Amino acid sequence: MAGIKLATWNVNSVRMRKDHLLRWLEVQRPEIVCLQETKVEDQDFPFEDLKRAGYFAAHAGGKGRNGVAIISREEPGDVVVGFPQTEDPEAAERIIAATVLGIRVISVYIPNGGKVGSDYFLYKLEFIYRLREYLEEKHSPQEPLVLAGDFNVAPEEKDVYDPELLAGQICFHPRERSAIATLKDWGLIDALRLKHPEEGIFTWWDYQFQAFKANRGMRLDHIWITSPLAERLIDCFVDKEPRAWKRPSDHTPLVAVFR
């Protein structure tokens with residue numbers, strides 16, 4: 001299968017950013033897009049607008065501020081929502097998987113975690129470890145698989161604008177970084193770092209303090225792939241243009257291109 005462009009984007013409300021999404025799809029023409037933080041229930045997701053743009057969609061939303069989706073040129077197959085055989089309503093709004101173009105695609109929105117040390121922080125760590133268990137139980141590192149989304153963790157010091165200032169804070173705490181490393185050790189490869197090891201590449205910038213203009217950001221959004229896809233990876237890059245549009249998401253798309 002040749003010429004697959006796959007992206008992930010935390011749109012921070014698909015209702016507010018629908019026009020941004022449709023505009024970006026028209027410009028980039030990706031085959032697959034993982035969305036996070038749609039913030040709508042299924043009946044309010046823009047299925048028809050996307051259909052007119054040439055895309056199918058699988059969405060898992062709810063009444064909260066979560067919501068994940070996979071949109072694609074080919075209709076997603078074998079759709080799975082949440083963690084199978086686990087009663088967790090929040091997880092059902094944070095993870096969705098489907099098979100598209102022969103690739104198992106998982107769109108995930110890992111919890112932010114709130115305050116370090118809080119119950120929700122512990123839930124975040126638990127979520128990451130359950131995600132590792134999910135991969136172990138359902139998949140193999142030898143199959144073509146993509147885990148993409150807003151992980152709410154910057155794995156390395158070069159993934160934040162000031163590692164000394166942010167040390168121990170949410171999204172850059174040692175326990176989060178350790179948990180995400182355990183997830184990666186299942187057999188995943190960081191697509192961006194495979195092509196671009198340099199520092200200063202971010203996907204999220206605070207709305208305040210002119211953070212985007214000064215490039216004071218964090219790399220919280222990731223596309224992690226198994227080795228069969230790593231062999232096909234042409235490039236992986238951050239598309240910063242949508243972050244400069246009027247009323248943008250605080251995240252911007254991350255794109256991987258496969259042969």
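This talk goes through a pair of packed helices, a few single residues and the empty spaces in one predicted model.

I will start with the helices. Two packed helices are described by the angle between their axes and the distance between the axes. Here the pair is α3, residues 119–138, and α5, residues 174–184. Their axes are 9 Å apart, and the angle is about 10°. Because angles under 35 degrees count as roughly parallel, α3 is described as roughly parallel to α5.

Which residues make the contact? On the α3 side they are Phe121, Leu122, Lys124, Leu125, Ile128, Tyr129, Leu131, Arg132 and Leu135. On the α5 side they are Arg175, Glu176, Ala179, Ile180, Thr182 and Leu183. Sorted by class, that contact has 10 nonpolar, 1 polar and 4 charged residues.

Take one residue from that list, Ile128, which sits in α3. Is Ile128 buried or exposed? Its relative accessibility is 0%, so Ile128 counts as buried. If we skip neighbours within four places in sequence, Ile128 is in contact with Ile110, Val153, Ala179, Ile180 and Leu183. Ala179, Ile180 and Leu183 are also on the α5 side of the helix contact. For a sense of distance, take Pro253, which is 125 residues from Ile128 in sequence. In space, the two C-alpha atoms are 22 Å apart.

Next is Asn152, in the loop between β8, residues 145–150, and α4, residues 163–166. Asn152 is in a loop, yet it counts as buried because its relative accessibility is 5% and the cut-off for buried is under 20%. What does Asn152 touch, beyond residues up to four places away in sequence? The list is Tyr109, Ile110, Pro111, Asn112, Lys124, Cys171, Glu176 and Leu220. Two of these, Lys124 from α3 and Glu176 from α5, also belong to the contact between those helices. Ile110 is a contact of Ile128 too.

Asn112 and Leu220 bring us to the empty space. Rolling a probe the size of a water molecule over the atoms shows where empty space is left. The largest pocket holds about 490 Å³. It has 25 lining residues, and those nearest its centre are Asn112, Trp204, Asp206, Met218 and Leu220. Asn112 and Leu220 are both touched by Asn152. By class, the pocket lining comes to 11 nonpolar, 7 polar and 7 charged residues.

How many cavities of 30 Å³ or more does the structure have? The search finds 1. The largest cavity has a volume of about 40 Å³. Around it are Trp24, Val27, Gln28, Asp239, Glu241, Pro242 and Trp245. Of that lining, 4 residues are nonpolar, 1 is polar and 2 are charged.

Gln28 also marks a chain position, since α1 covers residues 18–28 and Arg29 is in the loop between α1 and β2, residues 32–36. Arg29 is not a glycine, but its phi is positive, at about 50°. With a relative accessible area of 37%, Arg29 is partly exposed.

Phe209 is another residue other than glycine with a positive phi, here near 60°. Where is Phe209? It lies in the loop between β10, residues 204–205, and α7, residues 211–214. Phe209 has 66% relative accessibility, so it counts as exposed.

Gly114 is in the loop between β7, residues 103–109, and α3. It is partly exposed, with a relative accessible area of 36%. Not counting residues up to four places away in sequence, Gly114 touches Tyr120 and Ile170. Val40 is 74 residues from Gly114 in sequence, and their C-alpha atoms are 21 Å apart.

The last residue is Ala230, in helix α8, residues 227–230. Its relative accessible area is 17%, so Ala230 is buried. Leaving aside neighbours within four places in sequence, Ala230 is in contact with Ile189, Leu194 and Ile225. Asp206, one of the residues nearest the centre of the largest pocket, is 24 residues from Ala230 in sequence and 31 Å away, C-alpha to C-alpha.

To recap, α3 is roughly parallel to α5, Ile128 from that contact is buried, and Asn152 touches residues of both helices, Lys124 and Glu176.

Key
Residues numbered from 1 in each chain as written. Predicted model: local features only at pLDDT ≥ 70, side-chain atom pairs only at ≥ 80, totals over all residues. Heavy atoms only, no water. 1 Å grid on protein atoms, 1.4 Å probe; cavity = no way out; pocket = protein on both sides within 12 Å on 5 of 7 lines; lining within 4 Å. Points joined across faces, edges and corners; volume = space filled by probe spheres on them. Nonpolar A, V, L, I, M, F, W, Y, C, P; charged D, E, K, R; others polar. Helix = DSSP H or I, 4+ residues; strand = E, 2+ residues; numbered from the N terminus. Buried < 20%, exposed > 50% of the residue type's maximum accessible area, 1.4 Å probe, protein only. Contact = heavy atoms within 4.5 Å. Axes fitted to C-alpha atoms, helices over the stretch in contact; angles between N-to-C directions. Parallel < 35°, antiparallel > 145°, perpendicular 65-115°, else oblique.
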